[in-house]
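Thanks for coming. I have one structure to go through today, for those who have not seen it before. Please have a look at it first.

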Amino acid sequence: MYHRVLLALTKLRVFSVLCVFSLSMLFSVSGFAANSIDGIRVWPAPENTRIVFDVKKKPDYKYFTLSNPNRLVIDFTHTKNTVPLKNLAANDPRVKLFRSSINKGKTRLVLELSQSYQLTVFPLAPAGQYGHRLVIDLYDKKTRIKSTTKERKNIGDIVIGVVAGHGGEDPGSIGGKGTYEKHVTLAIAKKLQKLINKEKGMKAVMIRTGDYYVNLNRRTSLAREKNVDFLVSIHADAFHTPGPSGASVWVVTKRRAESEMAKWLANREKKSELLGGGGGVIKNTSDSHLALALADMSKEHSLGVSFGVANKVIKEMKKITKMHKKTPQNGNFAVLKSSDIPSILVETGFISNHREEKNLTWPKHQQRLANAIHTGIKAHFLAYPLTGSYFASVGYKKHKVRSGESLSVLAKRYNISMSKLKSINNLKSNSLRIGQTLKIPRTG
């Protein structure tokens, strides 16, 4: 009897141990599989590479770097990788190879790098079509060094910065038929670039040339580094219903411009190069009132140019598409924030509208939009050219007739024949009225 009881107790203990072991293994496996890497996307750009890990749940991770050779190591806790790694780095200049290992409930991903890079790592919560993500940015170190904008003695070309909205990880709005805003904006931007570069006296600088994302602050930094005189950002609007349609043109709100100017003035020793031609005086003067006045003049000039171009672009766009808003709109967009660079944001139409989504993917309509934007920008800078630019030696300037001025007086003043002055202005007689605006041809 005693032996039978002892044997039963022994079996019970063994069974209990096995149960505990089985349960621990079950929890361990379930814990390990609590999260998963379901996608890895690599976005190469001229200055950086963005790597995005799509994870099922919020990532639990740690990372560190190693040298000789250069590597980035990321440990994902209780996470299974389901993505093949073999060809992920095939088209990227910065990541040579992805490899992985599993150890003590962790999936370790190792990125073998071409060299040492400046690094940012951050998680992103679900948004739009995306779930949880872990984002890694590898920046070329030479491009992160701050550069100052040098004033040009001879402007020559008017430099137009062209920003194709969104890109890479950020698709922008998505149409009902799956059209990505980022693809539409890049197509229009490239067509606009070609038109500008064909125009004598103008030069285009593309802020984004491919399917990658450029940080909002970096967009204006690139514009300054390239000595951009004017910045145009291309977008496509969207709404939660397909009803709204039409294009619109936006400029920065005065409050936003004043806010940015205040930040720069608070640290004008370092930021004076952002405040236009008076930057040197703003930096060196001990008179805060003078610094404020100069900065305010820069801001007001920028806003004036922005509104002027916006009106000209709207005038041209009305000819080829419906306008959602027929006057320039004020917005708080980050890309418009710089009070030293005049800029507009063009919403080319509603990608959420079925008819306009189709139009926005049609190359002929994209070309019409690019033509309208180009013509509007050109018209403004012909009327109000930058000093020293080619446009300042061609085209027309405006003269408002004042009391005592006659056609013969103005012809003599501007060294032009009366007949030519009448022809240019479609005048039927020699009489003028006070307040009348005349076009006066510029001479090279």
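I will start with the whole chain, then take a sheet, two helices and one loop residue.

What you see is a predicted model. The chain has 444 residues, and 46% of them are buried. Its secondary structure comes to 11 helices and 17 strands. Now the surface: about 23,600 Å² is exposed, with 55% of that supplied by carbon and sulfur atoms. As for contacts, take those with a separation of 6 or more; 68% of them are between residues 24 or more positions apart.

Next, the sheet. In what order do the strands of the open five-stranded sheet run? The order is β5-β1-β2-β9-β8, and the pairing is mixed. Strands β5 and β8, the latter covering residues 118-124, are at the edges. Each of these two has a single partner strand, so one side of each has no neighbour in the sheet. From one strand to the next, the twist averages 25 degrees.

Let me stay with β8 for a moment. Its pairing with β9, residues 132-139, is antiparallel and runs over seven bridges. To pick out one pair, Gln118 has Tyr139 in β9 as its bridge partner.

Now the helices. Helix α9 takes up residues 363-383, which is 21 residues. How far does α9 reach from its first C-alpha to its last? The span is 30 Å, close to the 30 Å expected at 1.5 Å a residue. The buried residues of α9 include His365, Leu369, Ile373, Ile377 and Phe381. Three histidines are on that list if you read on, among them His374 and His380.

The other helix is α3, residues 216-225. Among its buried residues are Arg218, Arg219 and Arg224, along with Leu222 and Ala223. After α3 comes Asn227, which has a positive phi, near 55 degrees.

Last, the loop residue, Pro84. Where is Pro84 placed? It lies in the loop between β5, residues 79-81, and β6, residues 95-103. So β5, the edge strand from earlier, is one of the two strands flanking that loop. Is Pro84 buried or exposed? The relative accessibility of Pro84 is 67%, and the cut-off for exposed is over 50%, so Pro84 counts as exposed. Pro84 and Asp38 are 46 residues apart in sequence, and their C-alpha atoms are 10.0 Å apart in space.

That is the end of my part.

Technical notes: Residues numbered from 1 in each chain as written. Predicted model: local features only at pLDDT ≥ 70, side-chain atom pairs only at ≥ 80, totals over all residues. Heavy atoms only, no water. Helix = DSSP H or I, 4+ residues; strand = E, 2+ residues; numbered from the N terminus. Buried < 20%, exposed > 50% of the residue type's maximum accessible area, 1.4 Å probe, protein only. Contact = heavy atoms within 4.5 Å. Areas by Shrake-Rupley, 256 points an atom, 1.4 Å probe, with all protein chains shown as cover. Pairing = 2+ DSSP bridges. Axes fitted to C-alpha atoms, helices over the stretch in contact; angles between N-to-C directions. Expected span 1.5 Å × (residues − 1).
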